[in-house]
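Please look at the sequence and the structure below, and then follow the chain through the paragraphs that come after.

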Amino acid sequence: MFIVHHLNNSRSQRILWLMEELGLDYAIRFYERNKDMSAPEALRAVHPLGKSPIVEDLDSSASRQVLVETGAIVEHLVGSADGKLGLPATPREAVLYRQYLHYAEGSLMPILFTSLVASKILLLGRFALKRIRPMLETHLNFVEQELRGREWFAGTAFTAADIMMSFPLEAAGARGFLGDDNRATTDWLARIHARPAYHRALEKGGPYAFGPPRSSKETTQ
Ligand SMILES: N[C@@H](CCC(=O)N[C@@H](CS)C(=O)NCC(=O)O)C(=O)O
């Protein structure tokens, strides 16, 4: 049994989605962002970093264990589900799986976050964006080329690496960084958005600004 400490409109949506894909037993504790988008103080009571996602594993061998950092949480959950959606069997696909598991938070999110922060700073921010936007474009072009060659990030099968890549690419789409030149990326987004487990996670997680448009029935539940 797991507890997911879930912040609205955040990376923790990926964890809810993975829980649904893996069919793990979990409960959600909900947290609302402050007006400045920071996490509420209550999350610090769960873990000193006070960021989301935080997962509590109530069945861990070390009795109750508190986990942070999305990639590490994803690996832990995949392990708890006997490797489902985890490391592919072929060596080439295994390399890609590991690469994207780390790339999402290690390279793509930092440049997206930096661009978001710079866009909010007058003058100096505009100067910084001249350097940052081409870097971001390099990443999004790289991702696009990768997805032109195969259906999923690690190869022919959907894996947890696709779940890791969802948040940065959904955020890039929501901020208008994906256009006609990113067709393979937007097609991949449509494929992940078509998965039933993705929708179950959306229904359970509440408002999520980066997903596909939702019907009024879904958003009022
Ligand atoms: N690399 C960390 C980042 C965690 C993180 O920054 N989470 C954001 C949510 S998207 C957060 O809690 N933001 C609120 C804050 O920084 O106060 C992870 O993937 O778990």
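Which unit do S1, H1 and S2 make? In this predicted model, strand S1, helix H1 and strand S2 form a right-handed β-α-β unit. H1 covers residues 12-22, S1 runs over residues 2-7, and S2 takes in residues 26-31.

The strands can be taken next. S1 pairs with S2 in the parallel sense, over six bridges. S1 also pairs with strand S3, residues 54-57, here in the antiparallel sense and over four bridges. Phe 2 can serve as a marker for both pairings: Phe 2 stands opposite Tyr 26 in S2 and opposite Asp 57 in S3. Of the six residues of S1, five are buried, so the strand is largely enclosed by the rest of the structure.

The helix of the unit is next. What surrounds H1, given that 10 of its 11 residues are buried? With that burial, H1 is largely enclosed by the rest of the structure. The buried residues of H1 include Ile 15, Leu 16, Trp 17, Leu 18 and Met 19, but also Gln 13, Arg 14, Glu 20 and Glu 21. An α-helix has 3.6 residues a turn, so residues three or four places apart point the same way. The buried residues of H1 pack against the strands S1, S2 and S3, and also against the helices H2 (70-80), H5 (160-174) and H7 (196-205). Just after H1, Gly 23 takes a positive phi of about 70 degrees.

The chain can also be read by domain. Domain 1 consists of residues 2-84 together with 197-215, and domain 2 of residues 91-195. Their C-alpha centres lie 21 Å apart. Across the boundary, 14 residues of domain 1 are in contact with 14 residues of domain 2. On the domain 1 side, the elements that give two or more residues are H1, H2 and H7. H2 gives the most, with four residues. By class, this side of domain 1 has nine nonpolar, three polar and two charged residues.

The ligand remains. Which residues surround the ligand? Leu 7, Ser 10 and Arg 11 are among them, as are Ser 38, Ala 39, Lys 51, Ser 52 and Pro 53. Glu 69, Thr 70 and Glu 105 also belong to this shell. Sorted by class, the shell around the ligand has three nonpolar, four polar and four charged residues.

Conventions
Residues numbered from 1 in each chain as written. Predicted model: local features only at pLDDT ≥ 70, side-chain atom pairs only at ≥ 80, totals over all residues. Near = placed C-beta within 6 Å. Nonpolar A, V, L, I, M, F, W, Y, C, P; charged D, E, K, R; others polar. Buried ≥ 20, exposed ≤ 12 C-beta atoms within 10 Å, placed from the backbone. Pairing = 2+ DSSP bridges. Right-handed = clockwise from strand over helix to strand, strands pointing away. Contact = placed C-beta atoms within 7 Å. Domains from an automatic or database assignment.
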